[in-house]
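Here is a set of short exercises to work through with the model open beside you. Try each task yourself before reading on to its solution.

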Amino acid sequence: MINANNLPMEEFAKRRKPQKKITPQRLKNIGLYYLQRFESSVANLRNVLRRRIEAYAKENPEWRKDEAYQWIEDILAEFAKLHYLDDERFAEMKVRDYLAAGKPARYITQKLRAKGIDAEQINNVLDAEDYNPLQMALK
């Protein structure tokens, strides 16, 4: 198989820089950098950090992932305590943006569920935003 650099995959894999070692501080920095650029739900940031752990573990099979997964939970708890992560704020912001773009409730619900927001919270935010399907259809 050939990649974008027209190299065989084996050759391309050899040229890639190795992943930096995953530590609690590195995971925290990855999370902070992500949150500087994007508003996120707890579940979404958990997935982002887990993908980094999986990538590192793929290159270093002897490395223990279970300890790193606990680091993620500790980091997420700290970020929530500091209000860096807030699912309600994330849902409100996304619902507002999607409604402004004229998206229907079903679309909004699917997108937010994919980001880890529960259905009850989504319905509460839609109700708070005075979502009216008939009015949206007429736009």
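**Exercise 1: the overall layout**

In what order do the elements of the protein chain run from the N terminus on?

Solution. This is a predicted model, and its elements run α-α-α-α-α-α-α-α. Counting by type gives 8 helices and 0 strands. Next, look at burial: the protein chain has 139 residues, and 30% of them count as buried. Finally, take the contacts in the chain with a separation of 6 or more; 59% of these are between residues 24 or more positions apart.

**Exercise 2: the length and buried residues of helix 3**

Compare the expected span of helix 3 with the distance between its end C-alpha atoms, then find what its buried residues pack against.

Solution. Step one is the expected span. Helix 3 covers residues 42-59, which is 18 residues, and at 1.5 Å a residue it should span 26 Å. The expected span is 1.5 Å times one less than the number of residues. Step two is the model itself: the end C-alpha atoms of helix 3 are 26 Å apart, so the two values agree.

Step three is burial. The buried residues of helix 3 are Val-42, Asn-44, Leu-45, Val-48, Leu-49, Ile-53, Tyr-56 and Ala-57. Their packing partners are helix 2, helix 4 and helix 5.

Step four picks out Asn-44, a residue of helix 3. Its relative accessible area is 11%, so Asn-44 is buried, the cut-off being under 20%. Setting aside neighbours within four places in sequence, Asn-44 is in contact with Tyr-34 and Lys-115.

**Exercise 3: helix 2 against helix 4**

Describe how helix 2 and helix 4 pack, starting from the angle and ending with the residue classes.

Solution. Begin with the geometry: helix 2 (residues 24-37) and helix 4 (residues 65-81) pack at an angle of about 45°, and their axes are 10 Å apart. The two helices are therefore oblique to each other, and their crossing is right-handed.

Now list who takes part. Helix 2 contributes Pro-24, Leu-27, Lys-28, Gly-31, Leu-32 and Leu-35, while helix 4 contributes Ala-68, Trp-71, Ile-72, Ile-75, Glu-78 and Phe-79. Sorted by class, the contact of helix 2 with helix 4 has 9 nonpolar, 1 polar and 2 charged residues.

**Exercise 4: two partners of helix 5**

Work out the crossings that helix 5 makes with helix 6 and with helix 7.

Solution. Take helix 6 as the starting partner. The axes of helix 5 and helix 6 come within 10 Å and cross at roughly 145°, and the crossing is right-handed. From helix 5, Phe-90, Ala-91, Lys-94, Val-95, Tyr-98 and Leu-99 meet Tyr-107, Ile-108, Lys-111 and Leu-112 of helix 6. This contact of helix 5 with helix 6 has 8 nonpolar, no polar and 2 charged residues.

Then turn to helix 7 (residues 119-128), which packs with helix 5 at an angle of about 50°, the axes being 10 Å apart. That angle makes helix 5 oblique to helix 7. The crossing of helix 5 and helix 7 is right-handed. Asp-87, Glu-88, Ala-91, Glu-92 and Val-95 of helix 5 make the contact with Gln-121, Val-125 and Leu-126 of helix 7. By class, the contact of helix 5 with helix 7 holds 4 nonpolar, 1 polar and 3 charged residues.

**Exercise 5: two alanines**

Is Ala-105 buried or exposed, and is Ala-128 buried or exposed?

Solution. Ala-105 lies in helix 6 (residues 105-114). At 19% relative accessibility, Ala-105 counts as buried. Its C-alpha atom is separated by 8.9 Å from that of Val-95, 10 residues apart along the chain.

Ala-128 lies in helix 7. With a relative accessible area of 60%, Ala-128 is exposed. The C-alpha atoms of Ala-128 and Glu-92 are separated by 8.9 Å, and these residues are 36 residues apart along the chain.

**Exercise 6: a backbone angle**

What value does phi take at His-83, and where is His-83 found?

Solution. Phi of His-83 is near 65°, a positive value in a residue other than glycine. His-83 is found in the loop between helix 4 and helix 5. To finish, check its accessibility: His-83 has a relative accessible area of 55%, so it is exposed.

Note on methods:
Residues are numbered from 1 along each chain as its sequence is written. This is a predicted model: local features need pLDDT of at least 70, side-chain atom pairs count only at pLDDT 80 or more; totals for chains, interfaces and linings use all residues. Side-chain values use heavy atoms; hydrogens and water are left out. Axes are lines fitted to C-alpha atoms, for helices over the stretch in contact, and angles run from 0 to 180 degrees between N-to-C directions. Helices (H or I, at least four residues) and strands (E, at least two) are DSSP runs, numbered from the N terminus. Angles under 35 degrees count as roughly parallel, over 145 as roughly antiparallel, 65 to 115 as roughly perpendicular and the rest as oblique. A crossing is left-handed if the near helix is turned anticlockwise from the far one by less than a right angle, and right-handed if clockwise. Contact means heavy atoms within 4.5 Å. Ala, Val, Leu, Ile, Met, Phe, Trp, Tyr, Cys and Pro count as nonpolar, Asp, Glu, Lys and Arg as charged, and the others, Gly among them, as polar. Buried means under 20% relative accessible area, exposed over 50%, partly exposed in between (1.4 Å probe, protein chains only).
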